Each structure stands twice: as C-alpha cells, then as structure tokens.
Amino acid sequence: MFAFQDQRSAVEVAFTDRFGGLSTGPYAELNLSTRGGEGEDADTVRSNLGLVAAAMERGAPPGSTTGLDSPTEAGGAVRGVVAMRQVHGADVAVVGDDVLEADPEADALVSATPGWALMARGADCIPVLLADTDRGVVAAVHAGRAGLVAGVVPRAVAAMHDLGAVRLTAWLGPRACGRCYEVPAALRDQVAAAVPASWSETSWGTPAVDIAAGVAAQLDGVAAEVVDVGRCTIEDRDFYSYRRQGSASGRHGGLIWVRA
Ligand SMILES: [Zn+2]
C-alpha cells in the first residue's frame, strides 16, 4: 500500500503504490483516481481511499518503512481524504475547517488545519508533498510537464507562506524519470526555457524532460530539505504509468496530513 512513509513532528507523509486495494484488471489494485476510467468502478475507488485513510490512521508500523523519527507516535484520526480535479494548471486550493462538497479544480492543495489528508495523484506526473513540520502547514502538489512550466510548486509554496509556513521540507514522489520521459525536441526546449534543470536525455539518447530535477530546482533555496523518494513509474511496475499503460491506467497518490 505504501511505497514510502515519513513522520516529522505532527506531520504524516505517505506515497502509495498499486498494491493493497480492490481494483481489478489494468487498475489493479489500489487505484485512487476519482475520475474513474473505462471499466473502473467509482465505488471501488472510494473503498480504496477508505483503506488508505484507515491505514494512515494506524500510522506506520515500526521497521516497515523508511525515514521515520518515532513510529510509536504515528497515527491519529483522519477527518477525510481531500482530492482535487487535477488539470495540469497552477491553481492552489486552501483546505480549511469547511468540508469540501466536491473535489476542487486545482493542482495544489494547501492546509493549516489538522486532520485533512491532502492527496495529489500521479501516473508519471510527480506528486510533491510539502510541510512546515513545526507550524503544521502542509501541501500536496501534482506537477507534470505543464505544471512545472506553470510553476505550480512555487505557487503552492507562496500559499503555504501565506498560512504562516517558514521552514519547508519537501518530498518528491514516484514519477517518470529523466532517463525515460521521452518528448519531442521542441517540447524539451520549451520546458527547459522555463526550467533549465529539466533538460534531459533518455537512456537511449533522445530528448527527455526530468520533472523531478525541475521541481528540485524550483525548491532550491526555498525548501530547507528535499527528500527524493525516487522510483520511476515507467520502469517500476509497483506504480501506475500512463506512458506504459495508456488511458486504462490507475493513479497512485501522495498524501500528507497534520495529526489532529
Ligand atoms: Zn525511468
């Protein structure tokens, strides 16, 4: 279920893989895409989200994961998982005390309210999680090639600062890596013009974009610490990949929340 978990002060961080859920066929097993997909059942996805929320409430079992400070303090009540309708833009939605009626259309969720598990989904795009662990301000960001150029991560950081965040830690989740994410040369140039660090070449010598390197450059001097979970979604079948699976691909997620 979780490819990675971390816990700092009251902040819990998790990236899911594709195992431990109820979805079948190409979506097997832990598809978190509320947008559904051909042959996927919305109730099944809701059940998957419930399983993830329950597991997060239990916290990380000692010794099973990486990066944990003090696993015995993990866990706590999750008020709910907040997702968003991701559109490859740079809009940020702030999650407060109000229960959101529907997923907001945004590519970043930011909150200073404990208990809401903010979720960014991906299948080659990168889920980026951010926190000021002392002040309890968190963000979940979906960044692909377009989001990188649009600056969705810097915009989420600005929204966190507005909520009182000062010292940021960032976690970069599984994504299509810079050695696999092949694009036309003109597209590579266009992205690199905006974010030079994203310029890359595939392992077979063709133009590519390195989304994680681009995001890391955008966080340089902004985040005090960047934890790169690594893992390439195209190479690693523990994850969903749009490039590898096509439109019948599920979504894994990055989730972050402040314990209530
Ligand atoms: Zn790769």
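**View 1. Strand 3 and strand 6 lie side by side in this predicted model, paired in the parallel sense.** The pairing between strand 3 and strand 6, the latter covering residues 116-122, runs over 3 bridges. One position that can be picked out in this view is Gly80, whose bridge partner in strand 6 is Trp116.

**View 2. Strand 3 and strand 6 belong to an open sheet of 5 strands.** Read across the sheet, the strands follow the order 1-2-13-6-3, and their pairing is mixed. The edges are formed by strand 1, which spans residues 2-8, and by strand 3, which spans residues 80-82, and each of these pairs on one side only. On average, and with direction ignored, neighbouring strands of this sheet are turned by 20 degrees against each other.

**View 3. Helix 5, made up of residues 211-219, is mostly covered.** Of the 9 residues in helix 5, 7 are buried, and these are Ile211, Ala212, Ala213, Gly214, Val215, Gln218 and Leu219. Just after helix 5 comes Gly221, which takes a positive phi of about 80 degrees.

**View 4. The whole protein, given as a setting for the close-ups, has 6 helices and 13 strands.** Its radius of gyration is 17 Å, close to the 18 Å that the globule rule gives for 260 residues, so the protein is as compact as a globular protein of that length. Taken along the principal axes, the box filled by the C-alpha atoms is roughly 50 × 45 × 40 Å. Buried residues account for 50% of the 260 residues, and among contacts between residues at least 6 apart in sequence, 63% join residues at least 24 apart.

Terms used: Residues are numbered from 1 along each chain as its sequence is written. This is a predicted model: local features need pLDDT of at least 70, side-chain atom pairs count only at pLDDT 80 or more; totals for chains, interfaces and linings use all residues. A residue is buried if 20 or more other C-beta atoms lie within 10 Å of its own, exposed if 12 or fewer, and partly exposed in between; C-beta atoms are placed from the backbone. Helices (H or I, at least four residues) and strands (E, at least two) are DSSP runs, numbered from the N terminus. Two strands pair if DSSP finds at least two bridges between them. Axes are lines fitted to C-alpha atoms, for helices over the stretch in contact, and angles run from 0 to 180 degrees between N-to-C directions. The radius of gyration is taken over C-alpha atoms; the globule rule is 2.2 Å times the number of residues to the power 0.38. Two residues are in contact if their C-beta atoms, placed from the backbone, lie within 7 Å.
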